[in-house]
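Good morning, and thank you for joining this group meeting. Please turn to the sequence and the structure as they appear on the screen.

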Amino acid sequence: MSEFIVSARKYRPVTFDSVVGQSAITSTLKNAISSAKLAHAYLFCGPRGVGKTTCARIFAKTINCLTPTADGEACGHCESCAAFQEGRSFNIVELDAASNNSVDNIRDLIDQVRIPPQVGRYKVFIIDEVHMLSTSAFNAFLKTLEEPPAHAIFILATTEKHKILPTILSRCQVYDFQRMTMQDTIDHLASVAAREGYTAEPAALAVIAQKADGGMRDALSIFDQAVSFTGGNLTYQRVIENLGIIDYDYYFRMVDAMLAGNVQQSMLLYNEVQQQGFEGAPFISGLALHLRDLLMASDASTAPLFDAADEVRQRYVEQASRCRAQWLYRAIRLCNQCEVSLRTSRNKRLQVELALIECTQAVSDDSIGSGLRPTLHLKLIFNQPSMVAIEPTAAATAPKAAPQAPVATPAQGATPTNTSTPTAQSAPTATPASTAVPATVAAATSTSGKSGGESKLRTLKLGTLSPSIHRKTEANAAAASATAQANTEAATKSSPPADQPIDAAELRVKWQEFINTMPQEETALAQCMRIMQPELEEQEGKPTAHISLENEELARQMRDIQPRLLPYLQQQLHNASLQMRFTVIEKTQSVRVYDKREQLKHLCKLNPAFVTLGKTFKLELS
């Protein structure tokens, strides 16, 4: 049985032409070699697994090749190339800075720089993960990096460029390696599968490429894992089963159910995903990414911004053509909010289901056309006649003491069939069952402080009302409101309300309620008012709220807000004769500050042991 070598090592590029996805960098390096314009220090930076160290080794081998090709590649047959391929070349020194990051390691490296190469022209030092060097090691390396011997070339490789000192960056030619595109990764995996004799579906390779996230080494490692699971026959279903990935078909079906407004179907789809063993977090994250790809696919100019296989890309474009951009904005925001709330939620399934319901209902919500955050309306989800939607309408109703029955008025443009006005005691006329209008439930909540006794009417309407029934119901409510307001004004003029007795506890409650209504710029005064305790007293036969204040400045501020505070309390306590009085507390007792000697004398009187202690240790007061 031959020794197994992982694909990432077995198919590691050995020439510039075999490097995948970095054509701009390889072309620059080849031209520099051909024109003999080599720098003394290079910095290769970029994500993991994109070819930084590989390009550094190829570059080191090529510049030492004794018979390079015309296009700037190494021949692979000379003594220098053979020594490099067999791992016995002394011209190439590799240092892992992650485990050799001290000043002593850099000093050893500087000692090796002085030794010229035995075969070839250059001695190349490749320092991998250079950002792991300590600050003192960087400083010790600066002088040698800036002015090395003519035979020395340094190649630094790192995944975290921002951690490199600016003094190092300024001494190097910087090459930024890019992530592998999905198509480049798929093509390379297909070539590896063909060399190994495996069969692979393009969709399966696309899943591996997407999972690798732009890293070729990661893609080859996942490829080996999938080959071991499938036995060399890589199918889409088997690969996603092995990698634990949610099938993208679920996302397409979920969006189709949302566009159709089918909440039931979206719930069943999510239940199917749960039965497959997937949690809510990866599902909602994948759905947000799917919606983002749909948003990118909706316009030809942004289509290159999402990676997908060619056969799947057309499916994205087709579904994106049926989605409104405003809805996609809203759905992505809802999915992101759900993903954040899942971290602290105990009922994660409920969070996901609520997000799916809101996304589905937002499809038919016309208010999303004007912004990204529409007003949320409760809608019917399942076909149950008992479910209702509450819509507030501003209207006035009669006082509780004299309730008024709704007055029926014909809709606008309709011919009235009965001109008689029903009285408050008359019962409503029954309507046939075929044309019966669901009853309008009016709940009047009176608010004090309005001279006309205004109140707000909340109407409870069935969600299945037709537009004509809505107009009739609103006309009836408006007529009832006008009649109630007229009756209230007449009752107010005929008999003004009498003053009600005031309780001290109720006064303090209303005092705190007024504090809650104060604007933000009066926060400091509001905090002072919260600790005040207004006392109720009689003065000249009228109730008076007496407030004790600490200083004149606070009294001035209280007098400034008195024109707002006193009417509010009179209104809330239903007593127009309430008065207010402020008193500033005078501080008659003066506080004397004792010095250290007086404090010591006082302590000695309280405890004579202090005198003995001082004499024993010969202590003096400093």
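How many bridges join strand 11 to strand 12? The count is 5, and strand 12 comprises residues 542-549 and runs antiparallel to strand 11. Strands here are DSSP runs of E with at least two residues, and helices are DSSP runs of H or I with at least four residues, both numbered from the N terminus. Two strands are taken to pair if DSSP finds at least two bridges between them.

Before continuing, I should state that this is a predicted model, in which local features need pLDDT of at least 70, side-chain atom pairs count only at pLDDT 80 or more, and totals for chains, interfaces and linings use all residues. Residues are numbered from 1 along each chain as its sequence is written, and side-chain values use heavy atoms, with hydrogens and water left out.

Within the pairing of strand 11 and strand 12, L536 has A545 as its bridge partner in strand 12. These strands belong to an open sheet of 3 strands, ordered 11-12-13, with mixed pairing. Strand 11 (535-539) and strand 13 (579-584) are the edge strands, each pairing on one side only. On average, neighbouring strands of this sheet are turned by 40° against each other, direction ignored. Such angles run from 0 to 180 degrees between N-to-C directions, with axes fitted to C-alpha atoms, for helices over the stretch in contact. Helix 21 (residues 552-573) lies across strand 12 and strand 13, and runs at about 170° to strand 13. Contact means heavy atoms within 4.5 Å.

The loop between strand 11 and strand 12 holds E540. Phi of E540 is near 60°, a positive value in a residue other than glycine. E540 counts as exposed because its relative accessibility is 77%; the cut-offs are under 20% relative accessible area for buried, over 50% for exposed, and partly exposed in between (1.4 Å probe, protein chains only).

A36 also has a positive phi, of about 55°, although it is not a glycine. A36 lies in the loop between helix 2 (23-34) and strand 1 (41-45), and counts as exposed at 64% relative accessibility.

Let me turn to the parallel pairing of strand 2 (residues 92-96) and strand 3 (residues 123-128), which extends over 5 bridges. There, L95 stands opposite I127 in strand 3.

Finally, the cysteines. A search of the whole structure finds 0 disulfides, a disulfide being a pair of cysteine sulfur atoms within 2.5 Å. For C81, the nearest cysteine sulfur is that of C78, 3.4 Å away. C81 counts as buried, because its relative accessibility is 0%.
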